[in-house]
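Me: Got a minute? I'd like to go through this one with you.
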Amino acid sequence: MADRKISDLTALTAPAAGDYLPIVDISEASAANKNKRITIEELLRGAPDGTAAAPSIGFESDPNTGIYRPGADQVAISTGGTARLFVDSAGNVGIGTTSPNQPLEVNGTIRGGSYQFSDSGTSVASYIGFSNSNGPTVEFWGSASANSGSLLIKTAGTERVRIDSSGRLLVGTSSSPGNGNEKVGISSSADGIWIDATGGGGTGIVIDRTAADGDLINFLQAGAQEGVISVSGTTVTYGGGHLARWSQLPNEQDPSDLLKGTVMSNLDEMCEWGEEDNEQLNKTKVSDIEGDLNVAGVFVSTSFSDDGPLDYFVAMTGDMIIRIAAGIPVHRGQLLMSAGDGTAKPQDDDIVRSKTIAKVTSNHVTCTYDDGSYCVPCVLMAC
Amino acid sequence: MSDTVFTWHIAQLERETADGYVFTAHYTIDANDGTYKAGAYGSIGFERPEEDMIPFADLTEEIVIGWVKERLDVEQIEAALQSQLDEQRHPSKASGLPWAA
């Protein structure tokens, strides 16, 4: 074949792997050896490994930027002579790291407008996690449910907070602990909410019924409503309860055997809680004087706290039951006074006196004790 | 120290009303070693069964707990709760101010 200029050759517009590229080797002495060739496939597959500083596939004007092979079954990209992106033999991609342990591992900050995490299954959860060498620290999980979406926050591998598909904020539970209408649900075997009002001003809790009169707080026991605080116009109603205060028996006696509704009498001795200040709470005893003028109220229950059983509630004013001795009849509307044995008995008249402790509100017998004494509903009066 | 008892409970189920397909179960696990208690909770989703779906009315807590346990790493969860009990018994961390005693 006669000599031809390269520019005269037909350009390959769609080269196949086996197409040849001519090479003129000017180092050869004989003309017969100057003409060499290489296939396109051989040319593209024949790159040396290169390094980050001198990638084997690069640019003439920027020789330290390009693609190179850091090791067997690996490929990497460097810029400015520094390795930037790795694909290891397992297919894991590392950015800023040469040893990615996940399909994508980035050593640095990821920035973007939006990210989507999804899986082909309908019940598979996706999450963004933070961890250290001790394990997961914080994780944000997407829904693990087929038909609804929830946002979960976990710490130390345990769910703590959730916003469910209805927008309800849940703490300590994954489902509504209430009637399903609440916007915030909390389930806790310990303290539920603790508010430190740290400022000199402000209010610990504010509840504002902005649209209409109604309930502010409902009090339930085992799902049954036992009391309520409501607002109507300019009036706040505390419904279904009484006012009570803490008290203690003298000489550190255990009050566990006291019966609910027992009439208690004031003592001068003050309650003691270690070094805790106590300005107003005095100890009480079972009333032992008929017509006792120093009635404190009636026994409700011992302490519910872990601090000890020595403390108990004494109901002073409001709805309560009161204990009547066996065989002593009482009727609705009667005023009661201390009978001198822990029970109450009707006054001789219907005049409210210093010794008056309650007014019977119903003839219904709430409970009867082993000693035959019984309790009736009453309104405690200014004990 | 007595052995720890792990009690699994189903707190709630979410289902499709059309056929009773339960797609989410909310569960709780209580760990109690006789002195200390710890707990965990969460929810798990279920794929619609291709056949033999148990009618919703026939489901029992034991059945659903079985489903939940199948999909969770029970050993890992109970180990984590045991660690919490151990931490309560022998705390490795504390908070407080020495000048506020």
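Reply: Sure. It is a predicted model. Start with the open sheet in chain A: 6 strands, in the order β9-β10-β11-β12-β13-β14, with mixed pairing.

Me: Which strands stand at the edges?
Reply: β9 (127–132) and β14 (184–186) of chain A. Each has a single partner strand, so one side of each is left without a neighbour in the sheet. From one strand to the next, the twist averages 15°.

Me: What holds strands of a sheet together in general?
Reply: Strands pair through backbone hydrogen bonds, either parallel or antiparallel.

Me: OK, how many bridges join β10 to β11?
Reply: 4 bridges. In chain A, β10 covers residues 135–141 and β11 covers residues 151–155, and the two run antiparallel. A:W141 stands opposite A:L152 in β11(A).

Me: What lies over the face of A:W141?
Reply: A:K154 does, at 4.1 Å from the ring centre. Elsewhere, A:R37 lies over the face of A:Y20, at 3.9 Å from the ring centre.

Me: Switching to rings. How many aromatic pairs are there?
Reply: The count is 7 over all chains. One of them is A:F130 with A:F140: the ring centres are 6.1 Å apart and the planes are at 80°, so this pair is edge-to-face.

Me: Where do A:F130 and A:F140 lie?
Reply: A:F130 is in strand β9 of chain A and A:F140 is in strand β10 of chain A. The pair therefore ties together parts that are 10 residues apart in sequence.

Me: And what is the relative accessible area of A:F130?
Reply: 45%, so A:F130 is partly exposed. A:F140 is partly exposed too, with 33%.

Technical notes. Residues are numbered from 1 along each chain as its sequence is written. Chains are lettered from A and ligands numbered from 1 in the order in which they are written. This is a predicted model: local features need pLDDT of at least 70, side-chain atom pairs count only at pLDDT 80 or more; totals for chains, interfaces and linings use all residues. Side-chain values use heavy atoms; hydrogens and water are left out. Two strands pair if DSSP finds at least two bridges between them. Axes are lines fitted to C-alpha atoms, for helices over the stretch in contact, and angles run from 0 to 180 degrees between N-to-C directions. Rings of Phe, Tyr and Trp (its six-membered ring) pair if their centres lie within 6.5 Å; planes under 30 degrees apart count as stacked, over 60 as edge-to-face and the rest as tilted. Buried means under 20% relative accessible area, exposed over 50%, partly exposed in between (1.4 Å probe, protein chains only). A charge sits over a ring if NZ of Lys or CZ of Arg is within 6 Å of the ring centre and within 35 degrees of the ring normal.
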